[in-house]
Amino acid sequence: MTELLAGPIADRHAALQASFAAFGGWDMPVSYSGTVAEHTAVREAVGIFDVSHLGKALVAGPGAAAFVNRTLANDLGKVVPGKAQYTMCCTPEGGVIDDLITYLVSDDEVFLIPNAANTSAVLEALRAVVPDDIEITDLHREYAVFAVQGPRSTDVLDALGLPTGMDYMAFDDAEITVDGATRRVRVCRTGYTGEHGYEVLPLWADAGVVWDALIAEVTARDGLPAGLGARDTLRTEMGYALHGHELSVDVTPVQARSSWAVGWDKPEFFGRDALVAEREAGPARRLYGLKATGRGVPRADCTVHAEAGGEQIGVCTSGTFSPTLKQGIALAFIDVASGIKKGASVVVDVRGRALECDVVLPPFVEGHV
């Protein structure tokens with residue numbers, strides 16, 4: 001059995017009596033005070049997540065941005081230096097190796113944040129076609145990542161002198177003074193919760209002191225540390241994709257309603273021909289949201305049917321109890337041939353029990369990014 005990797009502040013999580021679970025090869029905090037309390041803190045006040053397990057990599061050299069734009073799906077030419085962009089690394093068949101964030105530093109420097117378990121696969125795909133004068137460096141353990149999310153997130157960063165005035169998906173390099181020493185951090189106006197928030201990236205070696213400074217300001221504003229449990233309920237309420245569930249090498253951006261993150265006018269990127277063909281022909285399945293109308297919670301891998309006992313027409317990819325709506329919700333792929341669309345009703349088989357659900361288009365709740 002492969003030993004799980006530990007993040008830079010595992011001791012802090014243990015001191016907070018966090019529960020842990022394996023995620024992407026890492027030993028991750030799932031919850032501290034309870035998923036519902038942590039979820040509510042993010043929606044109503046502020047929460048802080050340690051997501052240092054996320055990958056980090058640097059693509060640097062003459063024309064690095066142009067190279068990234070020839071490979072990853074979204075059009076990096078639509079943003080300027082100082083902006084980040086959600087994108088995908090696809091297979092030749094159009095499946096998604098990973099969805100990730102690119103930070104455009106300059107024409108010759110792009111910083112990548114892929115998902116932890118997929119970092120090596122993304123870098124392998126890029127290295128297979130990289131020009132000799134461009135270097136791709138794995139920085140997985142060089143930087144930590146802390147997500148400060150919620151309506152009071154700006155107050156937290158302001159109290160520490162960190163930048164907060166950026167537009168959504170913009171980033172800025174800054175310094176924070178803690179314990180009498182100045183630490184370098186990168187701050188990006190983004191997150192995975194649907195709330196106004198920031199991701200703060202200190203050096204791995206500085207993670208402990210930066211976390212201590214951030215969490216002190218978070219708790220001073222009725223906020224909480226939050227784990228993977230709340231991260232999942234928050235992102236599911238927003239309909240945000242999780243790789244391995246709504247996206248995978250067997251799922252395309254067209255099927256997952258992520259076509260907005262594809263630079264369709266670009267002449268070249270991984271999987272372009274297959275994706276253009278699928279877009280023109282129409283996908284065989286599409287992602288929808290499901291809202292339970294009765295008592296019960298749909299879960300990943302539950303089958304979807306047009307009626308109780310009827311033929312399977314889809315499958316849930318994620319499912320949870322929504323702390324905000326106080327009802328079960330799910331994301332599911334539904335076969336286009338079934339004719340089921342937004343506004344219809346379906347039945348989800350939850351361990352042999354029929355759960356009626358309304359078909360909707362996410363998000364399930366209003367976001368405030």
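This report walks through the cavities, cores, salt bridges and a few odd backbone spots of the structure above.

The model is predicted, so local features need a pLDDT of at least 70 and side-chain atom pairs count only at pLDDT 80 or more, while totals for chains, interfaces and linings use all residues. Residues are numbered from 1 along each chain as its sequence is written, and side-chain values use heavy atoms, with hydrogens and water left out.

**Empty space inside**

Let's start with the holes. Rolling a probe the size of a water molecule over the atoms shows where empty space is left. Here a cavity is a set of points, on a 1 Å grid over the protein atoms alone, where a 1.4 Å probe fits but cannot get out, and its lining residues have an atom within 4 Å of a point. Grid points are joined across faces, edges and corners, and a volume is the space filled by probe spheres set on the points. Searching the whole structure turns up 2 cavities of 30 Å³ or more.

The largest cavity has a volume of about 40 Å³. Among the residues around it are V68, N69, Q85, T87 and K266. Two elements, α3 (64-71) and β5 (83-90), give two or more residues to this lining. Helices (H or I, at least four residues) and strands (E, at least two) are DSSP runs, numbered from the N terminus.

The second largest cavity comes in at about 30 Å³. Its lining includes M28, F49, D50, L228 and R231. At least two lining residues come from each of β2 (26-31), β3 (47-50) and α7 (228-238).

How do the two linings compare by class? Ala, Val, Leu, Ile, Met, Phe, Trp, Tyr, Cys and Pro count as nonpolar, Asp, Glu, Lys and Arg as charged, and the others, Gly among them, as polar. The lining of the largest cavity has 3 nonpolar, 5 polar and 1 charged residues, and that of the second largest has 6 nonpolar, 1 polar and 2 charged.

**The nonpolar cores**

A nonpolar core is a set of buried Ala, Val, Leu, Ile, Met, Phe, Trp, Tyr and Cys residues joined through side-chain atoms within 4.5 Å. Buried means under 20% relative accessible area, exposed means over 50%, and partly exposed is in between (1.4 Å probe, protein chains only).

Which members of the largest core touch the most others? Of its 44 residues, those are F49, M88 and Y103. Elements giving two or more residues to this core include β6 (96-106), β7 (109-113) and β17 (327-335), but β5 gives the most, with 4 residues. Leaving aside neighbours within four places in sequence, Y103 is in contact (heavy atoms within 4.5 Å) with residues including F111, F171, R186 and L201. There is also a second, separate core of 29 residues, with A170, V185, V187 and V210 among them.

**Salt bridges**

A salt bridge is a side-chain nitrogen of Lys or Arg within 4 Å of a carboxyl oxygen of Asp or Glu. The whole structure has 10 of them. Here are three.

| Pair | Closest N to O distance |
|---|---|
| D11 and R12 | 3.2 Å |
| R152 and D222 | 3.3 Å |
| D173 and R186 | 2.6 Å |

D173 sits in strand β10 (171-178) and R186 in strand β11 (181-188), so this bridge ties together parts that are 13 residues apart in sequence. D173 is partly exposed at 45%, while R186 is buried at 13%.

R152 lies in the loop between β9 and α5, and D222 in the loop between α6 and β13, so their bridge ties together parts 70 residues apart in sequence. R152 is partly exposed, at 29%, and D222 is exposed, at 59%.

As for D11 and R12, they are linked with D212 in a network of salt bridges.

**Backbone oddities**

Where is the cis peptide bond? One joins P362 and P363, with omega at about 10 degrees. P363 is in the segment after β19 (353-360).

D301 has a positive phi of about 80 degrees although it is not a glycine. This residue is in the loop between β14 and β15, and it is exposed at 63%. R351 also has a positive phi without being a glycine, at about 55 degrees. R351 is in the loop between β18 and β19, exposed at 86%.

Technical notes
On a 1 Å grid over the protein atoms alone, a cavity is a set of points where a 1.4 Å probe fits but cannot get out, and a pocket is an open set with protein on both sides within 12 Å along at least five of seven lines; lining residues have an atom within 4 Å of a point.
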